[in-house]
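Please walk through this model with the sequence and the coordinates side by side, moving from the sheet to its charged side chains and then to a single helix residue.

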Amino acid sequence: MAKLKVTAAQMVSDARARVEEIETTDLIVMLDDPNVVVVDIRDVRERQRSGFIPGSIHAPRGMIEFWVDPDSPYFKEAFAQDGKKFVFHCASGWRSALTTATLQDMGFEAAHLKEGFSTWEKQGGPVEYPEKKT
């Protein structure tokens, strides 16, 4: 295989250098703010297995650009909330850094959870689990 022009690690590093990164402890405090919208971009199986941040919106990584674009047939009204601070997260902060950088390129302002969900519960963040199907 030919050497890549840019590695995934370099893309994440470049994204992190230009987006707002929020520490886990800071987002825990921000959960009570009605102007903060937490967006979980992990796969649905990750949410089922690990739980999720209460009140978070689930927006799969593969659809996020289409869901935030008002001109897209897949647009979701949840992303049309003026005056809200959107904070995206994944498991470790890599996918959410790339997502946030891409959305900023589109003109959608957002931040991301620096360490992702991986340290959320250990640092005292509340976690909900989906109801088990019977």
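Which residues of strand 2 point one way, which point the other way, and are they buried or exposed? In this predicted model, Val36, Val38 and Asp40 point one way from the strand, whereas Val37 and Val39 point the other way, and all of them are buried. The strand, which spans residues 36–40, is accordingly described as mostly covered, with five of its five residues buried.

The setting of strand 2 can be read from the sheet to which it belongs. Five strands form an open sheet in the order 1-5-4-2-3, and the pairing is parallel. Strand 1 (20–22) and strand 3 stand at the edges, each with a single partner strand, so one side of each is left without a neighbour in the sheet. In general, the strands of a sheet pair through backbone hydrogen bonds, in either a parallel or an antiparallel manner.

Strand 2 itself has a partner on each side in that order, strand 4 and strand 3. With strand 4 (residues 85–89) it runs parallel, and five bridges join the two; one of the pairs places Val38 opposite its bridge partner Val87. With strand 3 (residues 57–58) the pairing is again in the parallel sense, over two bridges. Here Val39 has Ile57 as its bridge partner, and Asp40 has His58.

Asp40 also leads from the backbone pairing to the charged side chains. The structure holds nine salt bridges, and one of them joins the side chains of Asp40 and Arg47, with an N to O distance of 2.9 Å. Are the two partners buried or exposed? Asp40 counts as buried because its relative accessibility is 0%, and Arg47 also counts as buried because its value, 11%, falls under the 20% limit.

A second salt bridge has partners with other degrees of exposure: the side chains of Arg45 and Asp43 meet at 2.7 Å, N to O. Arg45 is exposed, because its relative accessible area of 53% is over the 50% limit, while Asp43, with a relative accessible area of 28%, is partly exposed.

A further salt bridge links the side chains of Arg61 and Glu65, with an N to O distance of 2.9 Å. Arg61 counts as partly exposed at 24% relative accessibility, whereas Glu65 is buried, because its relative accessible area of 19% lies under the 20% limit. Returning to the strand 2 aspartate, salt bridges that share partners join Asp40, Arg42 and Arg47 into one network.

The last stop is Gln104, whose place is in helix 5 (residues 94–106). Why does this residue count as buried? Its relative accessibility is 19%, and Gln104 is therefore classed as buried under the 20% limit. Which residues, leaving aside its neighbours within four places in sequence, is Gln104 in contact with? They are Arg18, Val19, Glu109 and Ala110. For Ala110 there is also a polar detail to inspect, since a polar atom of the Gln104 side chain lies 3.0 Å from the backbone oxygen of Ala110.

Methods. Residues numbered from 1 in each chain as written. Predicted model: local features only at pLDDT ≥ 70, side-chain atom pairs only at ≥ 80, totals over all residues. Heavy atoms only, no water. Helix = DSSP H or I, 4+ residues; strand = E, 2+ residues; numbered from the N terminus. Buried < 20%, exposed > 50% of the residue type's maximum accessible area, 1.4 Å probe, protein only. Polar contact = N/O pair within 3.5 Å; in protein donor to acceptor, adjacent residues only side chain to side chain. Contact = heavy atoms within 4.5 Å. Pairing = 2+ DSSP bridges. Salt bridge = Lys/Arg side-chain N within 4 Å of Asp/Glu carboxyl O.
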